[in-house]
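Student: Please take me through this model slowly, and let me ask at each step what entitles us to a term. I would like each value set against its definition before any conclusion is drawn.

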Amino acid sequence: MEVELSAPNGVKWTQPLGLFINNEFVKSSNDGKIASINPATEEEICSVHAASADDVDKAVKAARKALKDPSWKSLSGTERGALMRKLADLVSKNAETIATIECLDNGKPYQTALTENVPEFVNVLNYYGGYADKNFGQVMDVGPGKFAYTVKEPLGVCGQIIPWNYPLDMAAWKLGPALCCGNTVVLKLAEQTPLSVLYVATLVKEAGFPPGVINIINGFGREAGAALVQHPGVDKIAFTGSTATGKEIMKMASATMKNITLETGGKSPLIVFDDADLDLAAEWAHIGIMSNQGQICTATSRILVQQGVYDAFVQKFKAAVENVSVVGDPFHETTFQGPQVTRAQYERVLGYIKAGREEGATVLMGGEPAPQNGKGFFIKPTVFTDVKTDMTIYKEEIFGPCVAIASFKTEEEAIHMANDTTYGLGAALFTRNLTRAHGVAREIEAGMVWINSSNDSDYRIPFGGVKQSGIGRELGEAGLNAYCNIKSIHVNMTAK
Ligand code: ADP
């Protein structure tokens with residue numbers, strides 16, 4: 001159920017391989033396994049247990065029992081918050097190990113995992129731990145005969161399904177608000193990247209959470225994920241992943257009318273107006289598409305540039321990508337971009353690059369694989385210019401280090417182009433004109449707009465999409481709404 005592992009940076013650890021149910025690691029009931037592959041070397045790291053529908057049932061039953069158990073139900077918000085902060089502390093103490101696992105399993109640069117992803121887990125748990133004793137209902141005085149008040153109650157058992165692009169961040173975004181509000185959870189990890197969060201599971205018991213409050217399972221989407229979504233003992237499904245899977249989940253969850261939160265795909269625009277600071281725009285445009293190997297749901301993957309500054313911007317952007325996007329060994333300190341997460345993703349991205357070429361876009365740079373010593377799912381940062389709005393690379397989410405640059409004439413046209421998509425997750429715009437900045441921000445159909453930056457999301461600020469990019473919000477105070485019921489209690493003051 002565990003294996004001793006070591007990484008090229010010298011870190012050694014005991015990797016759990018089981019399903020974490022009731023504070024113990026257990027085997028899968030049908031002995032199902034999933035191999036985890038190092039995307040930088042294409043070698044198998046280890047094989048983890050894959051949950052069957054029976055295992056999902058066990059995890060849900062554990063969570064249901066824990067929900068009513070006084071060891072969790074009777075805790076005050078302050079006590080729940082303390083447990084959450086203890087888990088955050090333990091994760092912080094194990095930062096090097098967890099960042100190493102993430103680098104090996106996901107292909108993220110080690111430095112990014114250490115300085116961004118592990119701290120995000122810690123910050124989100126601490127942030128929502130702080131809310132646990134500050135999240136109250138209201139008193140409503142409606143006249144002399146009646147007053148009413150609301151209480152916030154946990155939803156119950158929360159099934160949470162996360163993707164492979166940010167395993168630690170996604171786990172924290174799901175666990176934080178759910179635990180804060182007194183729910184219990186069954187968290188299903190992405191089958192491609194289970195190792196870092198399984199390691200975090202080893203710290204749950206030590207932090208003092210009662211058995212069954214946090215259950216963490218690995219398994220395939222169609223098997224374990226679908227079983228979780230369909231389980232009648234689950235009250236809520238929170239999902240982050242592709243729009244196609246989000247739609248399937250919505251359908252399945254409707255059978256028992258589960259509360260749902262979905263955060264799905266995007267094709268977020270970044271608009272550069274002719275009065276923008278072009279150096280700033282180029283720098284953020286690079287961050288907005290090339291970070292995390294381009295595997296970001298809010299990636300600003302369409303850059304729309306006003307005609308007068310098109311050539312100047314393209315030059316500066318090319319220089320920014322050349323200077324910063326060093327592709328290579330994710331354990332190497334200077335590496336900005338590691339491999340794509342899996343062979344399937346690698347091939348998918350290369351397929352889009354091929355389509356871009358065939359449809360007549362210009363390859364300004366990149367456009368091909370970048371193997372290291374003949375191995376790994378590495379792709380050169382790729383920039384397409386002269387992209388037309390009917391091209392596949394302009395319309396579809398690529399989820400890789402590949403961007404489409406198109407031009408526009410007027411502000412009106414920019415807004416039209418930005419909104420001409422079924423998605424509505426993020427958007428960025430660059431201008432020095434204050435009125436235009438706030439005016440355009442309001443016109444854009446998206447859950448988040450960045451003015452003069454891109455993708456600088458923050459756990460204290462709500463995150464989520466409109467249109468086919470999702471339902472509901474995570475993070476910030478708004479994130480709590482996704483995890484509690486409001487019960488109204490009416491008091492008749494005329495009763496004698
Ligand atoms: P991606 O295309 O990014 O791999 P998916 O949306 O397919 O994204 O996967 C995101 C998460 O959803 C993963 O944890 C995956 O196992 C899970 N998943 C995939 N298909 C289903 C499904 N039919 N039901 C429930 N969960 C699913």
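Tutor: A residue is buried if 20 or more other C-beta atoms, placed from the backbone, lie within 10 Å of its own, exposed if 12 or fewer do, and partly exposed in between. Helices (H or I, at least four residues) and strands (E, at least two) are DSSP runs, numbered from the N terminus. The model is a predicted one, in which local features need pLDDT of at least 70 and side-chain atom pairs pLDDT 80 or more, while totals for chains, interfaces and linings use all residues. Residue numbers start from 1 along each chain as its sequence is written.

Student: What makes strand β15 count as mostly covered?

Tutor: In β15, which spans residues 302-306, five of the five residues are buried. The cover lies on both faces, with Arg-302, Leu-304 and Gln-306 buried on one side and Ile-303 and Val-305 buried on the other. That split follows a general rule, since side chains in a regular strand alternate between the two faces of the sheet.

Student: Why is β18 called largely enclosed?

Tutor: Seven of the seven residues of β18 are buried, and therefore the strand is largely enclosed by the rest of the structure. Cys-402, Ala-404, Ala-406 and Phe-408 point one way from β18, Val-403, Ile-405 and Ser-407 point the other way, and all of these are buried.

Student: How many bridges let us say that β15 and β18 pair?

Tutor: Strands pair if DSSP finds at least two bridges between them, and β15 and β18 (residues 402-408) have five, in the parallel sense, so the criterion is met. Ile-303 stands opposite Ile-405 in this pairing, and Leu-304 has Ala-406 of β18 as its bridge partner.

Student: Which other strand pairs with β18, and over how many bridges?

Tutor: Strand β17, residues 382-385, pairs with β18 in the parallel sense over three bridges, and Phe-384 stands opposite Ala-404 there.

Student: What joins β14 to β15, and in which sense do they run?

Tutor: Four bridges join β14, residues 269-272, to β15, and the two strands run parallel. The bridge partner of Pro-269 in β15 is Arg-302. β14 also pairs with β19 (residues 426-430), again in the parallel sense and over three bridges, with Leu-270 opposite Ala-428. As for cover, Pro-269 and Ile-271 point one way from β14, Leu-270 and Val-272 point the other way, and all are buried.

Student: What makes Gly-221 buried?

Tutor: Gly-221 has 20 other C-beta atoms within 10 Å, a count that meets the cut-off for a buried residue, and so Gly-221 is buried. Gly-221 is found in helix α9. Two residues are in contact if their C-beta atoms, placed from the backbone, lie within 7 Å, and, leaving aside neighbours within four places in sequence, Gly-221 is in contact with Glu-191, Ala-226 and Thr-245. Gly-221 and Lys-188 are 33 residues apart in sequence, and their C-alpha atoms are 8.6 Å apart in space.

Student: Why is Ile-451 given as partly exposed?

Tutor: Ile-451 has 16 other C-beta atoms within 10 Å, a count that falls in between the two cut-offs, and therefore Ile-451 is partly exposed. Ile-451 lies in strand β20, residues 448-451. Leaving aside neighbours within four places in sequence, Ile-451 is in contact with Leu-429, Ala-437 and Ala-441. The C-alpha atoms of Ile-451 and Ile-271 are separated by 9.7 Å, although the two residues are 180 apart along the chain.

Student: Which residues come nearest to the ligand?

Tutor: A residue is near a molecule if its C-beta atom, placed from the backbone, lies within 6 Å of it. There are 17 residues around the ligand, of which Gly-221, Gly-225, Gly-241, Ser-242 and Thr-245 come nearest. Two or more residues of this shell come from each of α9 (221-230) and α10 (243-253), and the largest share, five residues, comes from α9.

Student: How do you know where domain 1 and domain 2 begin and end?

Tutor: The bounds come from an automatic or database domain assignment, which gives domain 1 as 2-264 + 471-486 and domain 2 as 269-457. Their centres, taken over C-alpha atoms, are separated by 30 Å. The contact takes 19 residues from domain 1 and 20 residues from domain 2, and on the domain 1 side α4 (95-106) and α5 (110-131) each supply at least two residues.
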